[in-house]
There are 4 protein chains.
Amino acid sequence: MKVTLETGRKSKKEKKSRELGFGNKAYNRETRLINKDGAFNVEKEGQSFWEALDTYHELISMSWGRFFLLITAVFFAINLFFALLYFLAGPAAIEGAQSSSDVNRFLQSFYFSTQTITTVGFGKLNPNSDFVSIVSAFESFLGLLGFALATGLMFARFSRPRKRLVYSNNILISPYQDTNAIMYRFANSGNNQLIEAEVDVVASKWVNEENRRVFERLKLERNKINFFSMSWTIVHPLTKDSPLYGMTLDDMKAQQVEIIAMFKAFDDTYARHIYDRTSFTHAEMLSGKKFIPIYEDQDDDMIHINMEKIGQFEDAFLN
Amino acid sequence: MKVTLETGRKSKKEKKSRELGFGNKAYNRETRLINKDGAFNVEKEGQSFWEALDTYHELISMSWGRFFLLITAVFFAINLFFALLYFLAGPAAIEGAQSSSDVNRFLQSFYFSTQTITTVGFGKLNPNSDFVSIVSAFESFLGLLGFALATGLMFARFSRPRKRLVYSNNILISPYQDTNAIMYRFANSGNNQLIEAEVDVVASKWVNEENRRVFERLKLERNKINFFSMSWTIVHPLTKDSPLYGMTLDDMKAQQVEIIAMFKAFDDTYARHIYDRTSFTHAEMLSGKKFIPIYEDQDDDMIHINMEKIGQFEDAFLN
Amino acid sequence: MKVTLETGRKSKKEKKSRELGFGNKAYNRETRLINKDGAFNVEKEGQSFWEALDTYHELISMSWGRFFLLITAVFFAINLFFALLYFLAGPAAIEGAQSSSDVNRFLQSFYFSTQTITTVGFGKLNPNSDFVSIVSAFESFLGLLGFALATGLMFARFSRPRKRLVYSNNILISPYQDTNAIMYRFANSGNNQLIEAEVDVVASKWVNEENRRVFERLKLERNKINFFSMSWTIVHPLTKDSPLYGMTLDDMKAQQVEIIAMFKAFDDTYARHIYDRTSFTHAEMLSGKKFIPIYEDQDDDMIHINMEKIGQFEDAFLN
Amino acid sequence: MKVTLETGRKSKKEKKSRELGFGNKAYNRETRLINKDGAFNVEKEGQSFWEALDTYHELISMSWGRFFLLITAVFFAINLFFALLYFLAGPAAIEGAQSSSDVNRFLQSFYFSTQTITTVGFGKLNPNSDFVSIVSAFESFLGLLGFALATGLMFARFSRPRKRLVYSNNILISPYQDTNAIMYRFANSGNNQLIEAEVDVVASKWVNEENRRVFERLKLERNKINFFSMSWTIVHPLTKDSPLYGMTLDDMKAQQVEIIAMFKAFDDTYARHIYDRTSFTHAEMLSGKKFIPIYEDQDDDMIHINMEKIGQFEDAFLN
C-alpha cells in the first residue's frame with residue numbers, strides 16, 4: 001500500500017518523524033537535508049522571479065563585502081542616471097561647468113549629481129534652470145531617503161545575532177561508561193555569553209523496505225546548560241533504545257545516516273534568542289576515537305580553552 | 001432568562017469559547033470574524049479622530065509604495081510652506097535669486113527651501129537677511145530631524161518580521177486513515193527559516209437555539225514541528241469528539257462555520273517570534289478532495305517544492 | 001514578636017504575598033502601591049544625582065513634545081557655544097560676514113554655526129582661518145554624530161511597544177451566576193493585535209492586627225485568551241475562598257483594599273511582548289452595578305465596539 | 001581511574017554539576033569562575049587575531065567614552081588619508097586653496113576633506129580636477145555610509161538593556177526561622193520596571209578527595225517574583241539537605257566555596273529580557289550578621305528605599 005504524505009495511514013514511527021517537520025517523502029536516498037552551514041537543502045519553485053525574491057532576507061544575510069559592493073554599485077548607477085538627465089538639459093543648465101567637450105560636460109554633470117545626492121553641495125556647480133533645480137531637489141531628497149534606508153539596513157544587519165559557534169568536523173563513536181556513545185563537540189568562539197543553551201539532536205536514516213527516510217530524536221546525556229561559555233561535548237549513549245544501536249560505519253553508510261544537531265540559546269550581547277543547526281553525515285563519522293581535552297593549565301587563575309583543539313581526537317578502545 | 005456578556009450564568013461550552021477571546025455576543029449570524037489576510041473584522045468607535053489615530057501602526061503597516069508617497073508628499077508640503085515664508089520675506093532676502101517675476105521668485109524660494117531642508121546647500125542661493133537666516137537654520141534642523149524620523153520608521157518597518165506564508169485557498173474534507181479529516185496546507189515561500197512552528201485551529205459555528213456563536217479548538221494530528229522549511233498539511237481528523245463530526249457541507253453553511261487558523265514560529269532572519277492567522281469559511285470548504293503532492297523529483301540531491309501546487313487538489317473517495 | 005523583613009519566622013500568608021515581589025513592611029496603612037498609570041509609588045534614595053540619573057530611560061519614556069523641545073534646546077545651546085567661539089576668533093575669521101556691529105557679527109557667527117552643524121554649508125559664510133576651519137570641521141562632525149544619536153533615540157522610542165489599553169475607571173461588584181463577582185473591563189483602543197493575552201490580579205489589604213499589608217492573588221473566571229482584539233471583562237467570583245469574600249465597601253475602606261491588575265500579551269505590530277498594569281483602590285469600587293454592553297449592532301457584517309462605553313455601568317441587584 | 005571530561009564514568013553529583021554548564025575539570029583549586037561584574041573568568045586561545053576579534057561585541061559593549069574616542073580617531077585618520085590624496089593631486093586640484101606653503105596646502109586639503117566627508121561642502125574650497133572630483137564624490141559617499149554605520153551602532157548600543165542592579169558586597173549567614181540561612185540582597189537602582197524576575201543560585205566547592213570542583217543548585221525560600229521594583233533579599237535556608245549545611249567559614253575557605261547568583265527578568269523599558277549574574281567567594285561571606293532594613297518611613301504615601309543601605313548589616317545571633 002502506498003502511503004502518501006497527505007492521506008492514508010501512518011505508522012507510529014512516521015508520526016514521530018513528522019513532528020520534527022522534515023516530512024519523509026521529499027527525499028531521494030542520497031539527499032542531505034541540512035548543509036554544514038545550517039542551510040536547508042530545499043529549493044522552492046513555481047514562483048515568479050518577483051514572488052521568489054526575498055529582498056530583505058538577501059540584504060540582511062549577504063556578507064558585508066557584498067553588501068557594500070551592492071550599495072556602491074547602486075550609488076554609481078543612480079548617479080549615472082541623474083548625470084544623463086543633467087547632461088540632456090543642455091550646456092547652460094548647470095552653472096560653473098566648463099563645457100570644453102561633451103565628455104567633459106558629462107563628467108561635470110556626473111560630479112554635480114554626486115555632490116547633490118550626497119548633499120555635499122559645494123556650490124561651484126549649481127542648478128541654473130528650473131528643470132535642473134527641480135530634478136536636483138528630488139535627487140537630494142532621494143539621496144537622504146536612500147541613506148536612511150542604508151542606515152536601517154545596516155542596523156538590521158547589526159542587530160541580528162551573529163553566531164560564532166565552532167563545531168568539530170567529525171562526530172565520533174567513543175567509549176562511554178560501560179558502553180559507547182556518539183559525540184560531537186562545539187564551542188562559542190565569541191565573547192558574547194550564551195545563556196540557557198539547549199541542544200536537540202535527530203538521526204535520519206534511509207529505510208529501504210519502506211523506501212523512505214525516517215527521523216528519530218536522539219536521547220542525550222544532557223541537553224540543557226545554564227551558561228555556554230566554554231566548550232560542550234554532546235553525548236548520545238548507544239544503548240539498546242538508540243536508533244543507531246549496533247550499527248557499524250558500513251551500516252551507517254548503507255542507510256545514509258545523517259545526524260542533525262540543533263542549538264538554541266539566549267545571547268546576552270544582542271539580548272535575543274539565537275538558533276543554530278548543523279549536520280553530520282555518515283562520511284563525517286569516525287569510530288574508536290575520542291576528543292582530546294580542550295582545557296589547558298597555565299598556572300594562573302584563568303580557565304584556558306584552546307579553540308584549535310575543538311575537533312581534535314585520539315584513538316580509543318570501544319567497549 | 002437572557003444571558004448577557006457581563007453577568008449571568010455561563011454554560012461550559014460558552015466558557016470554553018471565551019477562552020479564545022472571541023466573545024460570543026458580538027456577532028450577527030453572518031459575521032466573519034477573521035478576514036483572509038488575518039485582519040480582525042472589528043470596528044472600534046466612540047473615540048475622537050485623534051484618539052483613534054494609531055499613527056505608528058499606520059506608518060509601520062502601510063505598503064512601501066504608500067509609505068514613500070506619503071513621505072514625498074510631506075516633503076513637498078513642508079517645502080511649499082517654507083518657500084512661502086522666504087517669498088514673503090521680500091526680494092532681497094535670498095541672495096542669488098533672479099527676481100524677473102513673482103512666479104520665478106517663488107520658484108527660487110522653493111529651490112532655496114529644498115536646498116536647505118536636504119542640507120545640500122549649494123550656496124548660489126543663500127540667506128541674505130536675519131529672518132531668512134534664522135528660518136533656514138530652523139528648516140535645516142527640521143530637515144535632519146525629519147530624516148532621522150524617516151530613518152527610524154524605515155528601520156522599524158524593516159525589523160518587523162514579514163510573513164511570507166502561502167495558504168491553500170480551500171480547506172478540504174479528505175479521506176484519512178479509517179475516517180475522514182479536514183485539511184489545509186500552507187508553506188513558507190520566503191528564504192527565512194521558521195523554527196519551533198505551532199498551529200492552533202478553532203472552529204466557530206452559529207447555534208440557532210442559543211442565538212449565538214460558539215468556538216471550539218480542533219484537535220490536530222500534530223500541532224508543532226521543529227522546522228517549517230517546506231510545506232505543512234494541517235489535519236483535523238473527523239472523529240466522534242470533533243465538533244464538526246457528521247456535518248455535511250450544507251450543515252456547515254447552515255451553521256455558518258468558520259475555521260480560524262493560528263500560526264506561531266520563531267523567525268531566524270529577524271530573530272523574533274512571528275504570529276499569523278487566516279480563516280476559512282464554509283464557502284471555502286470542499287468535500288471529497290485531497291491535496292496533490294507538492295514535492296517534485298529532479299534527479300539531484302535537492303528537495304524541490306513547487307509553490308504553485310500549494311492549493312491544488314484532486315478527487316478522493318471519502319471513508 | 002516583631003517580624004522583620006530579613007529575618008525571623010514568616011507566616012504562610014506572608015510567604016504568599018512575598019512571591020508577588022511587593023514585600024509588606026514597606027507600606028504605611030495608606031500607601032497606594034501602583035498608580036492609575038501603572039507607575040510604582042516607590043522612591044529610591046541614597047544615590048548621588050549622577051547615580052540616580054537614568055538618562056536613557058528618561059529620553060525614551062518622555063513625551064514626544066518634551067523630547068523635541070529638549071532636542072531643539074540642545075541644538076540651540078550648542079550653536080550658541082560655537083557661535084561664541086567663532087565670534088571670539090575675530091572679524092576676519094569668517095569670510096562673507098558683514099561686520100557692521102558686534103551684535104551683527106555674533107549673529108553671523110551663529111548663522112555660520114547652524115549652517116555648519118546641520119551640514120547645509122551654503123558657503124557664503126565660510127571659514128577663513130585655521131582655527132575656524134578646525135573648529136567647524138569638528139562642529140560638523142559633532143552635528144552628524146548628534147543627529148545619529150537623535151536618530152537612534154527616535155527609533156528606540158518607536159520600537160517600544162505603545163500600550164493603548166483603556167480601563168474602566170471603576171471596579172464593580174456585580175451579580176454573577178449564583179453569587180457576586182468583582183469585575184473591571186478594558187479594551188485595546190489601538191489597531192495592533194494583542195496575542196496570547198494574560199491577566200493576573202492581586203488584592204492587597206491592610207491587616208491591623210499584624211500591622212502590615214498582605215497581598216493575595218485573586219482567582220479569575222479566566223486569565224488567558226488567544227486574541228485581545230475586542231474588550232475583556234475580568235471577573236473574580238466572590239466565593240468563600242476569595243480574600244474579599246463577605247466584605248462590604250466599608251470593610252474595603254477600613255482595610256485600604258487595593259486591587260492590582262497586571263497584563264501581558266504579545267504585540268503583533270511591534271513583534272514584542274508588552275506588559276501593563278493598573279490598580280483600583282477601594283475608592284474606585286462600586287457595589288450593585290454592572291457594565292453595560294459595549295457591542296453595537298449596525299446591520300452589517302462588522303463587529304462594532306463603542307470605546308466610550310468601556311467604563312459605563314448600570315444598576316444591578318446583587319445576589 | 002582517571003575521569004576525563006569526554007569519556008569515562010560520571011558520578012551522580014558530577015552529572016548534576018554539568019547541567020549548569022560549568023564543567024569541572026577546567027578549574028584549578030583557586031579558580032574563580034565568575035567575576036564580581038558577571039564576566040566569566042575564561043580565556044579562549046588558538047584563534048588567530050582576526051578569528052578572535054569580535055568587532056561587534058567590542059563596539060557594543062565598550063563604554064560610551066571609549067566609543068566616541070574611537071569614532072573621532074577613525075574620523076581623523078580617514079581625513080588624514082584623503083587630505084594626503086588631495087595634497088598629492090597638486091596645487092591646482094582644489095580651487096580656493098591658498099598655497100602659500102606646503103604645510104598650508106596640506107591643511108587646506110585636510111579642511112577640504114572634512115568639508116567633504118561631513119557633506120557640509122561650504123564650496124569656497126571645491127574640486128578643480130577630475131581626480132579630486134571623483135575622490136571627493138567617493139569620500140562624501142563614504143562619509144554618509146560611515147555615519148549610517150555609526151547611527152546603527154549607536155542604536156544597537158541604546159537598544160541593549162542596561163542593567164542597573166546593585167548587589168550587597170557580602171553574602172551573610174543570618175538567623176532565619178528555627179535555623180540559619182545564607183542571604184544576599186540586591187536592588188534595581190534604575191527607573192525601569194523589571195517584571196517576572198527570577199533568581200537561580202549555585203554553590204561551587206572544591207572536593208579534595210576527587211580533585212575537582214562540584215557545583216550544586218541551592219534551594220531558595222523563593223526564586224521568582226512578579227515585580228522587582230524594590231529590593232530583594234535572596235534566602236537559602238541552611239537545612240540538612242543544603243550542600244553548605246554545617247560548614248563554618250573556615251570550611252568554606254578550605255573548600256574554596258563560590259556562590260554564583262544568576263538573575264533573569266523582563267525589562268519594561270527595553271521590552272526585552274535581561275540576564276545578570278554575579279558571584280560571592282568565601283572571602284565575601286560573613287557569619288552572624290543580618291541586613292538592616294532598607295525601607296525608610298517619611299510620613300508620606302510613598303515607599304522610600306535607601307540604596308546606600310543595600311549592603312549594610314548588623315550583628316545577629318545565629319540559631
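The following exchange concerns B:Thr31 and the contact between chains B and C in a predicted model.

Biologist: Where in chain B does B:Thr31 lie?

Modeller: B:Thr31 belongs to the loop between α1 (12-18) and β1 (42-45) of chain B.

Biologist: Why is B:Thr31 called partly exposed?

Modeller: B:Thr31 has 18 C-beta neighbours inside 10 Å. A buried residue needs 20 or more and an exposed one has 12 or fewer, so B:Thr31, with 18, counts as partly exposed.

Biologist: What makes B:Asn41, C:Asp301 and C:Ile303 contacts of B:Thr31?

Modeller: The criterion is a C-beta separation within 7 Å. Neighbours within four places in sequence being left aside, B:Thr31 is in contact with these residues: B:Asn41, C:Asp301 and C:Ile303.

Biologist: How far apart are B:Thr31 and B:Arg213 in sequence and in space?

Modeller: They are separated by 182 residues in sequence and by 9.6 Å in space, C-alpha to C-alpha.

Biologist: How many residues of chain C are in contact with chain B, and which element gives the largest share?

Modeller: On chain C, 59 residues are in contact with 58 residues of chain B. The largest share of that side of chain C comes from α6(C), with six residues. By character, the side of chain C that touches chain B comprises 29 nonpolar, 20 polar and ten charged residues.

Biologist: How do you know that β1(B) and β16(C) pair?

Modeller: Pairing requires at least two bridges. Four bridges join β1(B) to β16(C), so the two strands pair, and they run parallel. Across this pairing, B:Lys44 stands opposite C:Ile305 in β16(C).

Key
Residues are numbered from 1 along each chain as its sequence is written. Chains are lettered from A and ligands numbered from 1 in the order in which they are written. This is a predicted model: local features need pLDDT of at least 70, side-chain atom pairs count only at pLDDT 80 or more; totals for chains, interfaces and linings use all residues. Two residues are in contact if their C-beta atoms, placed from the backbone, lie within 7 Å. Ala, Val, Leu, Ile, Met, Phe, Trp, Tyr, Cys and Pro count as nonpolar, Asp, Glu, Lys and Arg as charged, and the others, Gly among them, as polar.
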